[in-house]
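Reader: Could you take one part of this model and walk me through it up close? Start with one residue's surroundings and work outward from there.

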Amino acid sequence: MRFLVFFIGFLYGNLVYSQEVFSEWKTIDDDSGVAKSIVEIYKKDGEVFGKIKRILREDKRDIRCTECKGDLKNQKVEGMVILKNLTKDGDEYIGGKITDPENGKTYDAKIWVEEDKPNTLMVRGYVAFFYRTQEWKRIED
């Protein structure tokens with residue numbers, strides 16, 4: 001009986017962990033399918049943020065966001081906070097902003113993990129009715 005309780009607890013704990021957005025995620029290029037960077041999703045002061053922890057191509061690590069506006073202008077992309085101020089709403093995190101460091105544009109954002117894809121983070125940037133959704137892959141420990 002103790003084994004059954006332990007086993008159920010173990011499964012439940014893994015399910016809860018796997019649905020969680022707080023992790024490191026590998027971003028994938030939409031066109032080539034090649035991994036580009038590692039983004040860390042974290043919580044700070046009750047809101048969710050995402051920072052580019054590592055650019056995977058060594059020759060791109062010193063690139064700066066020349067097209068960005070405001071405090072992101074000319075900032076190094078590696079280390080840049082690209083997801084800001086998301087808040088939890090059910091199974092999604094909404095109401096924040098995402099910046100694309102390749103073109104400097106900032107969009108409304110939401111992120112979520114789908115129940116049937118626990119190691120895939122869905123990342124959506126949008127303006128009005130227009131949106132683009134990317135799938136980022138969880139980095140396994």
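Author: Let's start at Asn74, which is in contact with Arg64, Cys65 and Thr66 once its neighbours within four places in sequence are left aside; contact here means heavy atoms within 4.5 Å. Before going on, some housekeeping: this is a predicted model, where local features need pLDDT of at least 70, side-chain atom pairs count only at pLDDT 80 or more, and totals for chains, interfaces and linings use all residues. Residues are numbered from 1 along each chain as its sequence is written, and side-chain values use heavy atoms, with hydrogens and water left out. As for pLDDT, that's the predictor's confidence in each residue, from 0 to 100.

Asn74 sits in the loop between strand 3 and strand 4. Helices (H or I, at least four residues) and strands (E, at least two) are DSSP runs, numbered from the N terminus. With a relative accessible area of 38%, Asn74 counts as partly exposed, because that label covers what falls between buried (under 20% relative accessible area) and exposed (over 50%), using a 1.4 Å probe and protein chains only. Asn74 also pairs up in space with Ile63: the two are 11 residues apart in sequence, and their C-alpha atoms are 8.9 Å apart.

Moving on along the chain, strand 4 (residues 81-89) holds Asn85, which is partly exposed because its relative accessible area is 34%. Its backbone deserves a look: phi of Asn85 is near 60 degrees, a positive value in a residue other than glycine. Most residues other than glycine have a negative phi. From Asn85 you can hop to Asp45, 40 residues away in sequence but 9.5 Å away in space, C-alpha to C-alpha. Asp45 belongs to the loop between strand 2 and strand 3, and its 76% relative accessible area is why it counts as exposed.

Another positive phi turns up at Ala128, near 55 degrees, again in a residue other than glycine. Ala128 lies in the loop between strand 7 and strand 8 and is exposed, at 62% relative accessible area.

For a contrast, try Thr99, which is part of strand 5 (residues 92-100). Thr99 counts as buried because its relative accessibility is 7%. Its side chain makes a polar contact of 3.0 Å with the side chain of Thr106. (A polar contact is a pair of N or O atoms within 3.5 Å; within protein, one must be able to donate a hydrogen and the other to accept it, and residues adjacent in sequence count only if both atoms are side-chain atoms.) Skipping residues up to four places away in sequence, Thr99 touches Cys68, Leu72, Ile82, Gly104, Lys105 and Thr106.

One more loop stop is Val34, between strand 1 and strand 2. Val34 is partly exposed, at 49% relative accessible area, and touches Thr27, Ile28 and Asp29, not counting residues up to four places away in sequence.

Now the space between the pieces. The largest pocket has about 920 Å³ of space. Of the 39 residues lining the largest pocket, Lys36, Asp100, Pro101, Glu102 and Gln134 are the closest to its centre. Strand 1 (24-28), strand 2 (35-44), strand 3, strand 5, strand 7 (120-127) and strand 8 (130-138) each give two or more residues to that lining. How is a pocket found? On a 1 Å grid over the protein atoms alone, a pocket is an open set of points where a 1.4 Å probe fits, with protein on both sides within 12 Å along at least five of seven lines; lining residues have an atom within 4 Å of a point. Grid points are joined across faces, edges and corners, and a volume is the space filled by probe spheres set on the points.

Zooming out, the protein has 1 helix and 8 strands, in the order α-β-β-β-β-β-β-β-β. Of its 141 residues, 32% count as buried. The average pLDDT is 88, and 86% of the residues score at least 70. By element, strand 3 (residues 47-55) has the highest mean pLDDT, 98, and helix 1 (residues 2-19) the lowest, 42. Over residues 3-18 the pLDDT is below 50, and this stretch has 6 contacts in the model beyond near neighbours in sequence. Where pLDDT is low, the predicted coordinates should not be read in detail.
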